[in-house]
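Here are some short exercises to work through with the structure open beside you. Try each task before reading its solution.

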Amino acid sequence: WVRKDSGKLNFSQEWVSIKQIIDDVIELLRFQISEKNIQIIQKIPFALEVFCDQRNTSTILRNILSNAIKYSMDGGQVFLDSEEKWNM
């Protein structure tokens, strides 16, 4: 956030598949997931796109999912779902 406030952080917003970002994050966390024998259950359609900075969104989702794994019991489940809303 310091880099954002100082103007040294560039945002590159584009339409991207949120499922693709989540799949990439899951792959990065694969070791943690398998070590705790966590089951990841997704109900996110690949076609669902969001307008975002992909790198920053990935970082945020990685932190959220990492915490979900950390605070889940061994052999637990983490559910990922989405809901499409338009506010124009």
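A salt bridge here is a side-chain nitrogen of Lys or Arg within 4 Å of a carboxyl oxygen of Asp or Glu. The model is predicted, so local features need pLDDT of at least 70 and side-chain atom pairs count only at pLDDT 80 or more, while totals for chains, interfaces and linings use all residues. Residues are numbered from 1 along each chain as its sequence is written, and side-chain values use heavy atoms, with hydrogens and water left out.

**Exercise 1. Find the salt bridges and say how accessible each partner is.**

Step 1: recall the principle. Side chains of opposite charge can pair when their charged atoms come close.

Step 2: count. The rule gives three salt bridges.

Step 3: set the accessibility classes. A residue is buried under 20% relative accessible area, exposed over 50%, and partly exposed in between (1.4 Å probe, protein chains only).

Step 4: take the pairs in turn.
- Lys-19 and Asp-23 pair with an N to O distance of 3.1 Å. Lys-19 is buried at 19%, whereas Asp-23 is partly exposed at 27%. These two residues are four apart in helix 2, so about one helical turn separates them.
- Arg-30 pairs with Glu-27, with closest N and O atoms 4.0 Å apart. Arg-30 is partly exposed at 39%, and Glu-27 is exposed at 52%.
- Glu-83 pairs with Lys-85, with closest N and O atoms 3.9 Å apart. Glu-83 is exposed at 61%, and Lys-85 is exposed at 63%.

**Exercise 2. Describe how helix 2 and helix 4 are arranged.**

Step 1: locate them. Helices (H or I, at least four residues) and strands (E, at least two) are DSSP runs numbered from the N terminus. Helix 2 covers residues 18–28 and helix 4 covers residues 54–70.

Step 2: read the geometry. Their axes come within 9 Å and cross at roughly 55 degrees. Axes are lines fitted to C-alpha atoms, for helices over the stretch in contact, and angles run from 0 to 180 degrees between N-to-C directions.

Step 3: classify. Under 35 degrees is roughly parallel, over 145 roughly antiparallel, 65 to 115 roughly perpendicular, and the rest oblique. Helix 2 and helix 4 are therefore oblique to each other.

**Exercise 3. Where is Trp-86 found, and is Trp-86 buried or exposed?**

Step 1: place the residue. Trp-86 lies in the segment after strand 4 (77–81).

Step 2: classify the residue. Its relative accessible area is 55%, so Trp-86 is exposed.
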